[in-house]
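Dear colleague,

Please find below the structure that I am handing over to you. My notes on it follow directly after.

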Amino acid sequence: MSVTVLQNFIDGEFVNSVNTGQYIDSHNPATGKVHVKIPDSTKADVNNAVEAAQAAFKTWSKLPRTRRSNFLYRIADILESRLKEFAEAEVRDQGKTITFATNVDINRSVYNFRYFAGHVLHAEEKVGQLDGVAMSYVQRWPVGVAGLISPWNLPLYLLTWKIAPCIASGNTCVCKPSEFTSLTAYMLCSVFKEAGLPNGVVNMVFGSGQSAGEALVTHPNVPLISFTGGTVTGKHIMASSVKHMKKLSLELGGKNANIIFDDCNFEQAVETSIRSSFWNQGEICLCGSRIFVQETIYQKFLDAFIPKARDLVVGDPNDSKTFVGALNNLKHMEKVLMYIDLARQEGGVIECGGSRKILQGELSEGYFVEPTVITGLPPTSRVAQEEIFGPVVTVHPFTDEQQAIDYANDSPYGLSCSVWSENDRRARRVSESIQVGTVWVNCWLIRDLRMPFGGTKASGLGREGADYSMDFFTELKTICLANF
Ligand code: TXE
């Protein structure tokens, strides 16, 4: 298979890294073979990209929002017309299934551009009247050059979720996609070119977090950093950005509770729990990896859930029948397998799965792990507390509402939660007691982009979505006009 060699995208041009000839190998997770080489960019590359973004900012930030919106609509249309090509590339690069890449990653990336293209036109500013005294209104302006750092689990979706509101608000940016999954970000640059996006509005620098990422976070002329990734990295970025007092948004990990009461719609709860446990190989920060089931239906739930988990097709990500593709990278697969071993040591029962899955032919070196269901562990065990980010869930019984709430809240994370009950009052009571950024009642992963999105505790800082993203990507000023 041929290897694609990426270049950075700076000031509207594809250019080699200043660090000539130095590349990072990126593997196809399903085969374990190198399929992309990404430039190991340095501070000098980031400096060049920031300079280009600063120059572009002068005109882009002054462009009427209708014009900026038109560019976003055009980008959305072009990306949509290349959906299949992008989805196939995302599969090769990330290991996810073609069904997920098509319907979620790329489809929603298109929607990100389209959504913010519309939103920027309709956003309104607050006006306040102090009777007889003064009228105040809000003025907004873009922040400048934004540093956008994205992870490997939903590569294009999470990157475009940052780029769209960033440039719609009049900022320019330098992006640093994950070194494990840079291919679709690279392809996106050709979409920008085709859409006629002015040079320097979006720049892409590829490379490692330690080199290119760090250079972006510490750059004095990048006043804003939007980061999605691991909590440890997030804390490091927070510390590194202190010197320049940067605006910071951190979307970090999760260890989300999925609470199932005995008055739920049982079939729906089981079906959705399969998806919330194993979709995208469990590599979604919103996956419900701790399942709490009321003791009255605990055994019934296991009897229904475990055979379904066992029957999920793990295999070729390009096959539309496959439900679980490959984990993103070797180190990550080893981490997931380490947690399964830890579960054994902690006294857990591996109800299904529990191992790497070895496939045949060219997939024999792929990073596949069987969907794994673990019972018998206390909710305080390491496996039930730490983010595994793979196709591994723990299931625990609970006695009553209060215990379910206590279990759910006993976590360093606070990203999301699902609650299953047909009793509306109970569902509301429980939802309002959970310390997270999003609670889904009788559903999972439904996203209304107008709603705030983000986490509490170790899951992050700040909120994204509609006005919340626009607030982050702009500075706000109150202008108070006296009546006298
Ligand atoms: O992410 P990192 P990793 C969780 C998941 C996973 C763990 C680590 O549990 O196992 O995080 O994954 C860049 N300065 N999530 O190691 O390191 C890096 O190059 C600036 C949850 O892959 O956080 C990449 O572009 N940038 C998560 C991005 O940060 C730095 C999704 C994310 O990488 C940097 C992914 C530095 N010093 C993993 N170091 C979610 N919330 O969805 C790294 N980077």
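Which residue has a polar backbone atom 2.8 Å from an oxygen atom of the ligand? That residue is S150. Please bear in mind throughout that this is a predicted model.

The ligand and the residues around it

Two side chains also have polar atoms beside the ligand. In W152, a polar side-chain atom is placed 2.4 Å from an oxygen atom of the ligand. For N153, an N or O atom of the side chain is 3.1 Å from an oxygen atom of the ligand. Altogether, 28 residues surround the ligand, and those that come nearest are W152, K176, E179, K335 and E387.

Of these, E179 deserves a separate paragraph. It belongs to the loop that runs between β9 (172-176) and α6 (183-195). Once its neighbours within four places in sequence are set aside, E179 is in contact with I24, S26, I38, G207, S208 and G209. With G209 there is a polar pair: a polar atom of the E179 side chain lies 3.5 Å from the backbone nitrogen of G209.

Strand β7 and its two partners

Strand β7 covers residues 134-142 and pairs with strand β6 (residues 127-130) in the antiparallel sense, over four bridges. One of the bridge partners can be named: G128 is matched with S136 in β7. The hairpin formed by β6 and β7 has three residues between the strands, and in it G132 adopts a positive phi near 75°.

Strand β7 also pairs with strand β23 (residues 474-482), again in the antiparallel sense, here over nine bridges. In this pairing, A134 has A482 of β23 as its bridge partner.

Helix α10

Helix α10 is made up of 17 residues, from 295 to 311. From its first C-alpha to its last it reaches 25 Å, which is close to the 24 Å expected at 1.5 Å a residue. The helix nevertheless has a kink of about 35°, and this kink is centred on F301.

F301 is also one of the buried residues of α10, together with I297, Y298, L302, F305, I306 and A309. The elements that cover these buried residues include two from the stretch before the helix, namely β13 (257-260) and α9 (266-278), as well as β14 (290-294). Also included in this cover are β15 (349-352), β16 (372-375) and β17 (392-398).

I would suggest that you begin with the ligand and its surroundings, and then turn to the strands and the helix.

With kind regards

Terms used: Residues are numbered from 1 along each chain as its sequence is written. This is a predicted model: local features need pLDDT of at least 70, side-chain atom pairs count only at pLDDT 80 or more; totals for chains, interfaces and linings use all residues. Side-chain values use heavy atoms; hydrogens and water are left out. Two strands pair if DSSP finds at least two bridges between them. The expected span of a helix is 1.5 Å times one less than its number of residues. The bend at a residue is the angle between axes fitted to the seven residues ending there and the seven starting there. Buried means under 20% relative accessible area, exposed over 50%, partly exposed in between (1.4 Å probe, protein chains only). Contact means heavy atoms within 4.5 Å. A polar contact is a pair of N or O atoms within 3.5 Å; within protein, one must be able to donate a hydrogen and the other to accept it, and residues adjacent in sequence count only if both atoms are side-chain atoms. A residue is near a molecule or strand if one of its heavy atoms lies within 4 Å of it.
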